[in-house]
Structures are given as C-alpha cells and as structure tokens.
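Biologist: Could you take me through one part of this model at close range, and then show me what else is worth a look around it? I have the sequence and the coordinates open, so feel free to name residues as you go.

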Amino acid sequence: MNRFIRRTLPWLILGLLLLGLVLGVIRAVKARQSLAQTAPASAAVSLVELAPSDLVEVQRRELSRSVAISGGLKAVRTAQVKAKVAGELRELTVREGEAVRAGQILGRIDPTEYAARLRQAQEQAASALAQAEIAERTLANNRALVDQGFISRYALETSISNAAAARAAVQQAQAGVDLARKALDDTVLRAPIAGQVSVRAVQPGERVGVDARIVEIVDLSRLELEAAVRAEEVVGLSPGAHALLRVDGLDETLDATVVRINPSTQPGTRAVPVYLAVQAHPALRQGLFATGQIELMRRQALAVPESVLRRDQARPYVLVLRDDRIELREVVVGESGQSATGEPIVEIRAGLAEGERVLAGSVGAVRNGVRARVTAAAPAPQR
C-alpha cells in the first residue's frame with residue numbers, strides 16, 4: 001500500500017498543477033474578451049477639452065544663454081599715500097570726497113630734522129671735497145719730485161692711493177647729500193594719481209611712522225566688477241563678452257564687458273574670478289554691489305518653452321495637437337537658454353515644424369491618439 005501511494009502521489013500533484021494552470025488561462029481569456037467589448041465604447045466617447053492657454057505655438061525665437069554674476073565694484077586705479085619718513089604731521093589739506101590732481105601737495109611732515117641732516121651731509125661733502133683737492137695737489141707735487149729723484153717711487157704710490165681714497169670719500173659724501181635731500185623732499189606728501197580722497201587716516205599733530213597710511217585716493221573714472229564664476233560656466237566665457245548689470249541705487253541697467261579672466265580658481269570655492277569693465281556713470285562708487293548676466297550666446301532658433309518637453313520616456317517628446325487628435329512626437333533638442341522675456345526655452349533641431357501647436361507643460365498626462373477640442377475663451381465681463 002505504501003508503495004502504491006509513493007508511485008501515484010507525484011502524478012496527483014502534477015495533475016493539480018495542470019488544472020490550476022488551465023483555470024488561470026480561462027479567466028485571462030474571459031477578461032480580455034470583456035475589455036475588448038467595452039474599449040471601443042469608452043474610446044468613442046474619450047475627448048480632451050483644451051483652453052487656448054493650454055497650447056503653445058512652435059516658432060522661431062531669440063535664444064540666449066547667460067551666466068549670473070554678482071560682486072562689488074572696485075576702482076581700477078587706487079593709491080595709498082604713506083609716510084616715507086617718520087615725524088609729526090604738520091598739515092593735511094584734503095578731506096574725504098575732495099578731488100585731487102596727480103602731483104598735488106596734500107600735506108607736510110615736520111622737516112626740521114631732515115633739513116638739519118641735509119646741511120650736515122652738505123658740510124661733510126664740502127670737507128671731503130677739500131681733502132680731495134689737497135690730495136690731488138700733493139700727488140701732482142710728488143710726481144714732479146719723483147722725476148727729479150727727491151722722493152722714492154713708494155712715496156709716489158702712497159700719494160696716488162691717498163688721492164683715490166679722497167675722491168671716493170667725496171662720492172660717498174655726495175651720496176649722503178642725495179639721501180638727505182630725498183628724505184627732506186619726502187616730508188612733502190603728494191598725490192600719485194588723480195581722483196578723490198576716500199580715506200583720511202590721520203590728523204595734523206599726530207606723529208606718524210614710516211609706511212603709516214595717511215590718505216587713500218580712488219579714481220572713479222574706471223570701475224571694474226570682480227565676480228566669481230563656477231568652473232563649469234567659465235568654459236564658455238572669453239574677454240569681450242557683453243554683460244548687463246544692475247547696481248544698488250540705480251534704476252537703469254549698465255553695460256559691462258569681460259576684460260580679464262583669472263587663470264586660477266579661488267581656494268575653497270573652486271570658482272574663477274572674472275573681471276568686467278563697467279560703463280562709466282556719475283552715481284557709481286567703489287564698493288557698490290552689482291548683479292547681472294554675462295551673455296554667452298544669442299541667436300534665432302526654432303524653440304519651445306522648456307516646460308512643454310516631457311521626459312518620462314527614453315527620449316524627450318511633446319504632445320502635438322494635429323487634426324483634432326493628440327499625437328506623441330519625439331524631438332531632438334539642442335541648446336537651452338532664455339527667451340527675450342527671460343522664460344527658459346530649448347532649441348528644437350528635429351521633430352517639429354514652425355507653426356505647429358503643442359500642449360503646454362501645465363496639461364497633465366494625455367494618451368497618444370486621443371481626440372481633443374479647443375474651447376473658445378470666455379468673453380471678458382462687461383462693466
């Protein structure tokens with residue numbers, strides 16, 4: 001009996017599996033027949049109503065691409081007037097905001113000590129010159145005495161050395177005079193460039209040391225914007241690129257041009273400093289904050305708003321309204337950018353023709369081939 005059960009049990013299990021498989025196939029066939037009977041009826045009544053605002057016309061547009069920038073304005077030419085000698089500041093004739101000329105006298109450091117040093121150096125030079133003249137006369141006399149045999153050749157060579165040392169002493173003393181005269185001249189503070197005084201760091205009566213900052217001058221005739229641009233965006237930049245800037249306090253936009261691109265990145269951020277020459281304006285000041293766009297590209301192209309592209313499939317596509325039906329159309333896209341109004345748009349290189357109408361991105365998912373109808377816009381209420 002046990003042997004019989006062992007023989008028949010596998011066949012019984014196999015039969016039950018086959019029976020379940022047949023029943024599953026029967027149920028699937030019945031479900032497909034039921035769907036086939038109801039599908040034509042539902043498709044016949046399927047209709048999508050679209051408002052005019054749900055459609056976008058494919059047309060040629062101005063496609064531009066730009067890089068956003070921001071930064072502070074800096075003067076191309078600035079200068080710090082520092083004390084070249086130590087002493088008491090006797091006078092300082094300029095204040096913040098005043099215009100100065102290149103070479104204009106701005107102030108003076110007490111020259112008493114340096115004038116005395118100049119006189120001392122001049123006296124030392126005069127003494128050295130007198131000693132040199134004595135040495136030259138002695139040398140001339142000794143040359144005559146050597147020829148007559150009254151002194152030795154050794155004494156003549158000593159006179160030659162003394163005369164050379166005296167001449168060197170004269171040159172050394174004259175160098176001291178030049179240094180003392182320069183130190184006295186450095187007590188007069190002069191403007192190295194033309195511009196406006198931005199900082200007055202000390203007041204008359206204060207004692208200043210060497211390299212102490214006295215005045216800072218800014219030339220506002222040429223201003224630059226230093227902006228940090230991401231490494232992936234700086235690739236398309238080159239000197240000469242045009243930009244539009246908005247500066248704090250100004251209503252109008254200003255033109256700017258890329259003049260230099262730093263060859264190194266900033267530590268930490270890995271951004272690249274870019275320098276733009278800013279259009280001159282009387283209201284501009286150093287340190288004002290500016291924002292804007294550097295234009296990388298501008299041309300006419302067949303384009304649509306980026307929002308109409310649908311990317312839930314392997315390739316991007318759009319939904320086209322054609323002959324009162326929705327048609328799924330794959331497209332080949334090109335460069336992305338902005339329209340003249342700032343809307344994100346994308347170039348269409350293949351798949352669409354100018355004048356066709358596509359569904360806007362605000363319209364949800366619609367099946368391919370479904371019928372569609374554009375409803376008339378509601379008239380505006382009369383007042």
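Modeller: Happy to! Let's take helix α2, which covers residues 112-148 in this predicted model. Its 37 residues reach 55 Å from the first C-alpha to the last, close to the 54 Å expected at 1.5 Å a residue. Now look at which of its side chains are hidden: Y114, L118, A121, A125, A128, A132, A135, L139, N142 and V146 are buried in α2. Part of the cover over these buried residues comes from α3, residues 153-185.

Helix α1, residues 2-45, offers a view of the surface, and I26 has its place there. Together with L19 and L23, I26 forms a nonpolar surface patch, and the accessible area of the three comes to about 260 Å². I26 itself counts as partly exposed because its relative accessibility is 41%, which lies between the 20% limit for buried and the 50% limit for exposed.

The strands are worth a visit too. Four of them make an open sheet in the order β7-β6-β4-β9, and the pairing is antiparallel. At the edges sit β7 (188-190) and β9 (207-208), each paired on one side only. If you zoom in on the β9 edge, you will find β4, residues 87-92, running antiparallel to β9 and joined to it by 2 bridges. There, E88 stands opposite R207 of β9.

Methods: Residues numbered from 1 in each chain as written. Predicted model: local features only at pLDDT ≥ 70, side-chain atom pairs only at ≥ 80, totals over all residues. Heavy atoms only, no water. Helix = DSSP H or I, 4+ residues; strand = E, 2+ residues; numbered from the N terminus. Expected span 1.5 Å × (residues − 1). Buried < 20%, exposed > 50% of the residue type's maximum accessible area, 1.4 Å probe, protein only. Contact = heavy atoms within 4.5 Å. Pairing = 2+ DSSP bridges. Patch = residues over 30% accessible without salt bridge, like charges linked within 9 Å, V, L, I, M, F, W, Y side chains within 5 Å. Areas by Shrake-Rupley, 256 points an atom, 1.4 Å probe, with all protein chains shown as cover. Salt bridge = Lys/Arg side-chain N within 4 Å of Asp/Glu carboxyl O.
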